[in-house]
Amino acid sequence: MKAVIFNSGLGHRMGDETKTHHKSMTLLKNGETIFHRQIRLLSAEGVKDFLVTTGPFEEQLKSEAAQFCGLNFTFVRNDIYDRTNYIYSMYLAREHMDDDLIFLHGDLVFNRRLVRDVLNCEDKNTATVNFTKALPEKDFKGRVKDGKVLEVSVKIFDEDCFAFQPFYKMEKATASAWIGKVVEYIHKGEVKCYAENALNEIFPALNVRAFAYEDYYVDEIDNMDDYVRVSNEIVPFDEEDKAIFGE
């Protein structure tokens, strides 16, 4: 199992906070960066291989990763990160996506129990969905039918759509199908859309099951309001993880 972390974005919605460092290098309330936290929790659950796409402040990410011994890191730089979305970064890194994969965005904050249960879930292909949370206006929603994810978009608000976070577990064959569609999009010049635009074309043919995260924590930090909220909301989940895992 390999973790793919999309970390090539500018993070401009964080304002001055990201003028001197990468967004994923923002310190959370426990004094840990978002990036460090992702690596720590994923590796604690057995993930040893990491593929990280980069853009601005690449050396900061490499330096943070170097603090971890016994893990394997591959960094793929997107030199035109300011003119493309992460679909292009996915395209650039495609040759390294040669295993069962965990896909996540570099601004996601989650708890360890989520990682454990997603990895141990009997479903080989999953994506995180919250069936009780209010639909966000500007963030991802997932269309779900009979437990199966059929579409992911920021623009869908129907009764079968639910709050969604881009934390995917995919077996190699499923990931390869997604990557194949991404290649088609890039060859058509579609470099500024979400990678999910390509995924949506084949979602109905895949068997990606919704992993309900109501009892877990996973959320993204897009702006400073998110930063304050997430930093506070994660605290009780970290306390729970300490009790479970003895950290």
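1. A residue counts as buried under 20% relative accessible area, as exposed over 50%, and as partly exposed in between. With that cut-off in hand, Phe-57 is a good place to start: its relative accessible area is 29%, so Phe-57 is partly exposed. Please keep in mind while reading that this is a predicted model.

2. Let us stay with Phe-57 a moment longer. This residue sits in the loop between E2 and helix H2 (58-65). Its phi is positive, about 55°, although Phe-57 is not a glycine. If you are checking backbone angles, there is another residue to look at: Asp-146, which is not a glycine either, has a positive phi near 55°. Asp-146 belongs to the loop between strand E7 (141-145) and E8. With a relative accessible area of 67%, Asp-146 is exposed.

3. Next, the interior. The largest nonpolar core has 39 residues, and those touching the most other members are Met-90, Met-97, Phe-103, Val-149, Tyr-168 and Trp-178. Several elements each supply at least two residues of this core, among them strand E1 (2-7), helix H3 (86-92), strand E4 (101-105), strand E8 (148-153) and helix H6 (195-200). H5 gives the most to this core, with seven residues.

4. For a closer look at one core member, try Val-149. Residues up to four places away in sequence aside, Val-149 touches Ala-127, Val-129, Arg-143, Val-144, Phe-164, Phe-203, Val-208, Arg-209 and Ala-210. Apart from the largest core lies another one, of 28 residues, which includes Met-25, Leu-42, Val-118 and Tyr-213.

5. Helix H1 (residues 34-44) is worth a visit too, and Arg-37 is found there. Is Arg-37 buried or exposed? Its relative accessible area is 2%, so Arg-37 is buried. Beyond four places in sequence, Arg-37 touches Leu-28, Asn-30, Glu-32, Val-109, Phe-110, Asn-111, Ile-234 and Asp-238.

6. Leu-41 also lies in helix H1. Its relative accessibility is 2%, and therefore Leu-41 counts as buried. Neighbours within four places in sequence aside, Leu-41 is in contact with Phe-110, Asn-111, Arg-112 and Val-115. As for Leu-114, 73 residues from Leu-41 along the chain, the C-alpha atoms of the two are separated by 9.6 Å.

7. Thr-54 has its place in strand E2 (residues 49-54). A relative accessible area of 0% is why Thr-54 is called buried. Which side chain does the side chain of Thr-54 meet in a polar contact? The partner is the side chain of Glu-58, at 2.9 Å. Leaving out residues up to four places away in sequence, Thr-54 touches Asn-7, Ser-8, Leu-61, Phe-75, Val-76, Arg-77 and Asn-78.

8. Now for the open spaces. The largest pocket holds about 700 Å³ of space. Its lining has 27 residues, and Gly-9, Arg-13, Lys-23, Asn-85 and Tyr-86 are the closest to its centre. E1 and H3 each supply at least two of the lining residues; both elements also supply at least two residues each to the largest nonpolar core. By class, this lining comprises eight nonpolar, 12 polar and seven charged residues.

9. The second largest pocket contains about 250 Å³ of space. Of its 18 lining residues, Pro-136, Asp-139, Asp-219, Asp-226 and Arg-229 lie nearest the centre. What does the lining look like by class? There are six nonpolar, two polar and 10 charged residues. At least two lining residues come from each of E9, strand E11 (218-220) and helix H7 (224-245), and E9 gives the most, with three.

10. Finally, the start of the chain. Met-1 lies in the segment before E1. Because its relative accessible area is 33%, Met-1 is partly exposed. Neighbours within four places in sequence aside, Met-1 is in contact with Val-47, Asp-49, Asp-99, Asp-100, Leu-101, Ile-102, Leu-119 and Lys-169. The C-alpha atoms of Met-1 and Lys-148, which are 147 residues apart along the chain, are separated by 22 Å.

Note on methods. Residues are numbered from 1 along each chain as its sequence is written. This is a predicted model: local features need pLDDT of at least 70, side-chain atom pairs count only at pLDDT 80 or more; totals for chains, interfaces and linings use all residues. Side-chain values use heavy atoms; hydrogens and water are left out. A nonpolar core is a set of buried Ala, Val, Leu, Ile, Met, Phe, Trp, Tyr and Cys residues joined through side-chain atoms within 4.5 Å. Buried means under 20% relative accessible area, exposed over 50%, partly exposed in between (1.4 Å probe, protein chains only). Helices (H or I, at least four residues) and strands (E, at least two) are DSSP runs, numbered from the N terminus. Contact means heavy atoms within 4.5 Å. A polar contact is a pair of N or O atoms within 3.5 Å; within protein, one must be able to donate a hydrogen and the other to accept it, and residues adjacent in sequence count only if both atoms are side-chain atoms. On a 1 Å grid over the protein atoms alone, a cavity is a set of points where a 1.4 Å probe fits but cannot get out, and a pocket is an open set with protein on both sides within 12 Å along at least five of seven lines; lining residues have an atom within 4 Å of a point. Grid points are joined across faces, edges and corners, and a volume is the space filled by probe spheres set on the points. Ala, Val, Leu, Ile, Met, Phe, Trp, Tyr, Cys and Pro count as nonpolar, Asp, Glu, Lys and Arg as charged, and the others, Gly among them, as polar.
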